[in-house]
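Reader: I would like to take a close look at a single part of this molecule and to see how it fits with what surrounds it. Please begin with one side chain and work outward from there.

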Amino acid sequence: MPSPVELFPARAAEIAYHVDALFFFLLIVTGIAAVGVFTLLIFFSVRYRRRTPPRPTPRITGHIRLELFWTTTPFLVFLVMFWWGARIYLAMAQPPAGAIDLYVVGKQWMWKVQHAQGQREINEVHIPLGQPVKLTLTSEDVIHDFFVPAFRTKIDVVPGRYVYEWFTPTVAGTYHFFCSQYCGTNHAGMRGEVYVMDPADYQQWLNLKSEGSLALEGRKLFLQLQCITCHVAGPKARAPILESLYGATIPLRGGGTAVADDNYIRESILNPQAKVVMGWEPIMPTFEGQVSEEDLIKLIAYIKSLGPGQTPQRNEESVPPPPPTETKKTESP
Ligand SMILES: [Cu+2]
């Protein structure tokens, strides 16, 4: 029977055990310090209380050994806290290669989730047991925060950039997630469920919900937005080709370099003049207002998928349908 008062949420991810161990360490250390301070406080109050007739307090100028003890002891304990905390923080900040990619967009007041194979969900996340999952998150409006208590992971989701969070679920089940950054009237309703599934069930779920992959959707957008007019292989190119771009370090016009990660590609679509590649003119128009956050994720997925020699050819350019002819109208009386 579940206890009516739950002190601790379930532990359902690898990192949760480490976070809890550190938390209990901090609790014990601060508990010992608090008990020590209060015991001495009460003991000294009684032992050295003022008696009648008043005796002058002896003048104490210092006690070097005592001072060394109470300076070095907390210092060493704090160092342990720092080392332990930094280790966990670094582990949380570095998603392993090969993690399952999920893209999350927060907006007032819902979470929209896209899988790399194109499955989409709202306020639900389906993931397999035992495999690392990496979330790439952004917000469409204000600051939100994606928090899964059972995984002990949370991150502020900021508009205008991508942030990352990852975890390896270790126990199958359904867990709540919340927005834990006050974001307006229905903030409390901005919540949902993470379903940690058996890998076989997860695969079945993927198949059931499958749509075009994110990269394919991105390719459609790429053609539709006429990106291919300039980002094309051969002498007609007016902008760099995008194959093998993702993750590369690129030289910039005016000096310096940039790593072509999600945030760089996002910026280059919305604010193309910010970091122009060396050797190219700053002629690209902004696509701000024409592409949503979800479109951006699709475009990035497409660019990510482009290997050597996979730049689309000009003849793949989508031809817009011809405008409806009005010849018949003129014929009618
Ligand atoms: Cu929110």
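What is the relative accessibility of K154, and as what does K154 count on that basis?

Author: The structure shown is a predicted model, and every value below is computed from it. K154 has a relative accessibility of 44% and counts as partly exposed, because the partly exposed class lies between 20% and 50%.

The partner of K154 gives a contrast. K154 forms a salt bridge with D145, in which the closest N and O atoms are 3.4 Å apart. D145 is buried, for its relative accessible area is 1%, and buried means under 20%. This salt bridge therefore joins a partly exposed lysine to a buried aspartate.

D145 deserves a closer look. D145 belongs to strand 6, which covers residues 144–148. Setting aside residues up to four places away in sequence, D145 touches W111, K154, I155, D156, V157, F178, C179, S180 and Q181. One of these, Q181, is 36 residues away from D145 in sequence, yet the two C-alpha atoms are 5.2 Å apart in space. Another of them, D156, offers its backbone nitrogen, which the side chain of D145 reaches at 3.2 Å. The side chain of D145 thus takes part in the salt bridge with K154 and also reaches the backbone of D156.

The next step is to place this part within the chain. The domain assignment gives domain 1 as 7–46 + 64–211 and domain 2 as 214–316. The C-alpha centres of the two domains lie 33 Å apart. In domain 1, 18 residues are in contact with 11 residues of domain 2. The area buried between the domains is about 1,300 Å², and carbon and sulfur atoms give 49% of that area. On the side of domain 1, Y103, Q114 and Y162 lose the most area to domain 2, and together they make up 46% of what that side buries.

Polar and charged links also cross between the domains. Six residue pairs are found in polar contact across the interface. The elements of domain 1 that give two or more residues to the side touching domain 2 are strand 1 (100–107), strand 2 (110–115) and strand 5 (133–139). The residues on that side divide into five nonpolar, eight polar and five charged.

Q114 illustrates this side of domain 1. Q114 is found in strand 2 and is buried, with a relative accessible area of 2%. Leaving aside neighbours within four places in sequence, Q114 is in contact with D101, L102, Y103, Q119, R120, L214, E294, I297 and K298.

Between strand 1 and strand 2 there is a loop, and W109 has its place there. The peptide bond from Q108 to W109 is cis, with omega near 0°.

Salt bridges may now be considered across the model, where the count comes to 12. Two salt bridges are counted between domain 1 and domain 2. The side chains of K112 and E294 meet in a salt bridge, with N and O 2.7 Å apart. A further example is K275 with E267, where the closest N and O atoms are 3.0 Å apart. K275, at 34% relative accessibility, counts as partly exposed, and so does E267 at 26%. Salt bridges that share partners join K112, R120, E140 and E294 into one network.

A salt bridge within a helix offers a useful comparison with the one described at the start. E217 forms a salt bridge with K220, the closest N and O atoms being 3.4 Å apart. E217 and K220 are separated by about one helical turn, because they are three residues apart in helix 4. E217 is partly exposed, with a relative accessible area of 25%, and K220 counts as partly exposed at 46%. In the salt bridge of K154, by contrast, the partner D145 is buried.

Helix 4 (214–224) is followed by a loop that runs to strand 11 (249–251), and Q226 lies in this loop. Q226 has a positive phi of about 65°, although it is not a glycine, and it counts as partly exposed at 32% relative accessibility. S244 lies in the loop between helix 4 and strand 11 as well. S244 has a positive phi of about 55° although it is not a glycine, and its relative accessible area of 43% makes it partly exposed.

Technical notes: Residues numbered from 1 in each chain as written. Predicted model: local features only at pLDDT ≥ 70, side-chain atom pairs only at ≥ 80, totals over all residues. Heavy atoms only, no water. Domains from an automatic or database assignment. Contact = heavy atoms within 4.5 Å. Buried area = accessible area lost by both parts, 1.4 Å probe. Salt bridge = Lys/Arg side-chain N within 4 Å of Asp/Glu carboxyl O. Polar contact = N/O pair within 3.5 Å; in protein donor to acceptor, adjacent residues only side chain to side chain. Helix = DSSP H or I, 4+ residues; strand = E, 2+ residues; numbered from the N terminus. Nonpolar A, V, L, I, M, F, W, Y, C, P; charged D, E, K, R; others polar. Buried < 20%, exposed > 50% of the residue type's maximum accessible area, 1.4 Å probe, protein only.
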